[in-house]
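Work through the two exercises below with the structure in view. Each task is followed by a solution in steps.

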Amino acid sequence: MRRSNLPAELNRFVGRAAEQDELAGMLAEFRLVTVVGVGGVGKTRLALRAAAALQKRYVDGVRLVELSSLRHPELVAHALVEALGLTDHTRRGPREVLREHLAELRLLLVVDGFEHLVEECAELLRELLLGCPGLTVLAAGRRPLRVDGEAVLSLAPMDDSDAMALLSGRAAEAGAVAPGDPGTLRELCRRLDGIPLALELAAARLPLLTAEQMLRRLDDRFRLLDRGRRGAPPRHRTLRTAIGWSHELCTPEERLLWARLSVFAGPFDLEAVEYVCGGPELPADRMVDVLGELLAQALVAREDTPAGPRYRMLDTVAAYGAEWLAALGDTERMRRRHRDWFMGLATWCELEWFSPRQAEVAACADVALPNLRAALELCLESAQDAALARHLAGTLWFYWVGCGRLSEGRHWLDRALGAAASPSVAEHEDARLKALWVLGYVAILQGDDTAAVAALHECGERARDTGNAVAEAYATHRMGCLALLSDDAPRAEELIGRALAAYRELGELNSNVLMGQVELAMARAFQGDLEGAVALCAEVREICEERGERWTRAYALYVLGYAALTGGDHAAARELLAECVTIDHAFHDLVGLVLALELLALVTLSEGDAAEAAVLQGAAMPVWDAVGLPLFGSAQFNGARTLCERQAREVLGAEAYRAWYREGEGLSLDAAVERALAVRRDPAVIAGRAGARAPRPFRSRRAPVPNTRKPAGSPSGKGGEAAG
């Protein structure tokens, strides 16, 4: 995890020197500081500036969580988990994950845009502050959190000198040569109450209008709006006036696009704008020009993301647009169009997941997450759309499973399957069946065998009743995975083999199908058929290379690395497992990553470096804490770890082993990966660290460790997903 996820400043920070000093002092004295003020006064910009300047105070870094696009209170904790870069595959709630992760850290958490979720946010932050003594929170919103120990900085509008500097500077950036004389500019700043957002909007117009023209228009706008909003606080009226004045200066096309863009809950691209916002009044061939005008007027901002360039509308500007959209009576239609676009995007992502664009798909889904959440929420608002919720939650299986989003995936799958369909709408059985097997898959990875068996049993029964052979094959496949992790390899081989035969008959080929072949290889390897396991995974590797698929390929490499290590080819094993670690880390897939780390520890031991092997074993344990039961509670998966620990202890001695192990436990995930991928040290150094005795060679025979996975009440065995 990077020490900071603060965004880079896109333009020069102007003024607020006294406020920065005051905020820095408050953060030195209090563990919860909230910057409050009206919309557009610059709360976020000041908080981010202060956080960036104070990073050295916090040895574990600074993390930003943005809540403005979040609509459901239950997702607040999920958003914090995401901002902290955590991936958790267990059944633990996100609150528990946060408490455990932050308990020993010295970290500054910046929470922005919480006001619409203030109760949930206040409760969660209070809990974290009580349980995590090294945590400091800097919040920015329109009202205090009202948590014990909170210090509040009320951010006033800019004084005249700062306001003048901001207006003049932004006008110059916009290309205004001579925006007006100082007196007129000062009067304009005063009429805008020194509110930075209002000043920025005004600056964007100075290349087109003089300051005198702006003042005349602003006077007209004040009178107009004051008549309709006499009860509003003066600064709210001023901001609304500034935004409304910008709205009045827009062309009819620009106003309409502004209103329609308000349905987006997060970043959006041009294609989404063209589909969602297009129509007879906004034809496709005009969209680029109209969007460009909103961009030039600072009403829309452009940002670079891992998925490419995206656009975003400031919350205050979007809220104004939403009012106009409601006045047009077009809100529900536009929300449905928004939902349809992102359902289409999810379908495209699922198809392209099995392609060379897999990394692009992962980045695209990450950026689209706020909008995907909004689409799911809309589907769940009406019983008539419950089937759409199930379809969307099931379609996103690749994101929940392949990109470390199990907890949130479980949230949406449970809600979608629990939503009652309207009696007047025919149940879309295919959508329900897919959501069921995906829920089973997610529950397996979380170690929730009972929920997994229930979902997969229902899926299998209903699939047989309705003749849905595809859903039946997926249910059988996942039941085989349950057997695999409960050490019932023969049963796993039978079920997964049956599913693979059904896939072939149906012409089904995708990442899930290839993962089934890898899992079949594991079942055979655990029964002693290493040659058969290698043949299966070599075929998977070849298909993945042809298709450009990387996620499943990593699991095939894991099995091939296991085989190479068993055969004594340490160099080949290291190369295969290093690539596996690299891929899994890129996709945030902790299951595959930690399995590969465990085997790399044994490779390292076999190369003669028992100390480094102990470090890697220690580094694996915090990852298992996030995944769930270490080695799934499986004797078969635990064999390599047990052997590595025993032989490393023999070489190092118990005390030295514990010391190196603790060093590994203290590594961050990124540091652990870097350590695992590091070039091997000089043999003389290794000898000095590990002592003279060399470990015994690796044997494929497994240690008799009992399976500790709890029974799930299934006659076909219990257990979980081995291969992600």
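**Exercise 1. Surroundings of Arg92**

Task: In this predicted model, find which residues Arg92 touches, leaving out those up to four places away in sequence. Then decide whether Arg92 is buried or exposed.

Solution.

Step 1. Beyond that sequence window, Arg92 touches Val97, Glu100, Asp625 and Ala626.

Step 2. Locate the residue: Arg92 sits in the loop between α3 (76–83) and α4 (94–102).

Step 3. Look for polar partners. The side chains of Arg92 and Glu100 form a polar contact at 2.5 Å. A polar atom of the Arg92 side chain also lies 2.6 Å from the backbone oxygen of Asp625.

Step 4. Apply the cut-off: buried means under 20% relative accessible area. Arg92 has 18% relative accessibility, so Arg92 counts as buried.

**Exercise 2. The crossing of α12 and α15**

Task: Describe how helix α12 and helix α15 are oriented to each other, and list the residues that make their contact.

Solution.

Step 1. Take the axes of α12 (residues 270–277) and α15 (residues 331–353): they come within 9 Å and cross at roughly 140°.

Step 2. Classify the angle. Angles over 145 degrees count as roughly antiparallel, and 65 to 115 as roughly perpendicular. The angle fits neither class, and α12 and α15 are therefore oblique to each other.

Step 3. Give the handedness: α12 and α15 cross in a right-handed sense.

Step 4. List the contact. From α12 come Glu271, Ala272, Tyr275, Val276 and Cys277, and from α15 come Met334, Arg337, His338, Asp340 and Trp341.

Step 5. Sort by class: the contact of α12 with α15 has six nonpolar, one polar and three charged residues.

Notes. Residues numbered from 1 in each chain as written. Predicted model: local features only at pLDDT ≥ 70, side-chain atom pairs only at ≥ 80, totals over all residues. Heavy atoms only, no water. Axes fitted to C-alpha atoms, helices over the stretch in contact; angles between N-to-C directions. Helix = DSSP H or I, 4+ residues; strand = E, 2+ residues; numbered from the N terminus. Parallel < 35°, antiparallel > 145°, perpendicular 65-115°, else oblique. Left-handed = near helix turned anticlockwise from the far one by under 90°. Contact = heavy atoms within 4.5 Å. Nonpolar A, V, L, I, M, F, W, Y, C, P; charged D, E, K, R; others polar. Buried < 20%, exposed > 50% of the residue type's maximum accessible area, 1.4 Å probe, protein only. Polar contact = N/O pair within 3.5 Å; in protein donor to acceptor, adjacent residues only side chain to side chain.
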